[in-house]
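Thank you all for coming. I would like to walk you through one chain, so please have a look at the sequence and the structure before I go on.

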Amino acid sequence: MEFIASVQGLTAIAIGMMVGLGAIGACLGIALMGSKFLESAARQPELVPMLQGRMFLLAGLIDAAFIIALAVGLLFAFGNPLLGALQTATGA
């Protein structure tokens with residue numbers, strides 16, 4: 001039982017790190033991309049429509065990585081496959 005509680009605790013820490021670091025990375029990525037977009041739009045205003053489409057595409061890709069990490073974190077939070085394997089192995 002102590003081992004299962006330890007796995008649950010370490011899983012909670014891993015979920016927090018996945019979601020937290022993913023959110024920080026996505027925020028920094030979108031902030032850097034947005035600043036470069038504004039800088040390039042100020043230099044060459046005629047390219048704004050092309051750059052804007054590419055910026056939104058990249059924003060979606062950056063957010064997709066965070067959302068995938070969030071989904072994996074929710075999987076481990078509510079349906080932890082590690083606990084099922086431990087319970088069948090220990091017979092608990």
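**How the helices cover each other**

Let me begin with the second helix, H2, whose buried residues have H1 among the elements that cover them. Helices here are DSSP runs of H or I with at least four residues, strands are runs of E with at least two, and both are numbered from the N terminus. Buried means under 20% relative accessible area, exposed means over 50%, and partly exposed lies in between, with a 1.4 Å probe and protein chains only. Before going further, I should say that this is a predicted model, in which local features need pLDDT of at least 70 and side-chain atom pairs count only at pLDDT 80 or more, while totals for chains, interfaces and linings use all residues. Residues are numbered from 1 along each chain as its sequence is written, and side-chain values use heavy atoms, with hydrogens and water left out.

Taking the chain as a whole, we have 3 helices and 0 strands, and the order from the N terminus is α-α-α. The C-alpha atoms fill a box of roughly 70 × 15 × 15 Å along the principal axes. The radius of gyration is 20 Å, whereas a compact globule of 92 residues would have one near 12 Å; this radius is taken over C-alpha atoms, and the globule rule is 2.2 Å times the number of residues to the power 0.38. Of the 92 residues, 17% count as buried.

How far does H1 reach from its first C-alpha to its last? Helix H1, residues 2-43, reaches 61 Å with its 42 residues, close to the 62 Å expected at 1.5 Å a residue, where the expected span is 1.5 Å times one less than the number of residues. For H2, the 31 residues should span 45 Å, and the end C-alpha atoms are 44 Å apart, which agrees.

Now to the residues that are covered. In H1 the buried ones include Ile 4, Val 7, Met 33 and Phe 37, and in H2 they are Met 55, Ala 59, Ala 69 and Gly 73. Met 55 counts as buried because its relative accessible area is 16%. Leaving aside neighbours within four places in sequence, Met 55 is in contact with Met 33 and Phe 37, where contact means heavy atoms within 4.5 Å.

Further along H2, which spans residues 48-78, we come to Asp 63, and here I would ask whether this residue is buried, partly exposed or exposed. Asp 63 counts as partly exposed, because its relative accessibility is 32%. Beyond its neighbours within four places in sequence, Asp 63 is in contact with Ala 26 and Ile 30.

The third helix, H3, covers residues 81-90 and holds Leu 83, which is buried at 13% relative accessibility. With neighbours within four places again set aside, Leu 83 is in contact with Ile 4, Val 7 and Gln 8. Across the chain, among contacts between residues at least 6 apart in sequence, 79% join residues at least 24 apart.

Lastly, the outside. Leu 10 is found in helix H1, and Leu 10 counts as exposed, because its relative accessibility is 56%. The chain exposes about 6,500 Å², and carbon and sulfur atoms supply 76% of that area, as computed by the Shrake-Rupley method with a 1.4 Å probe.
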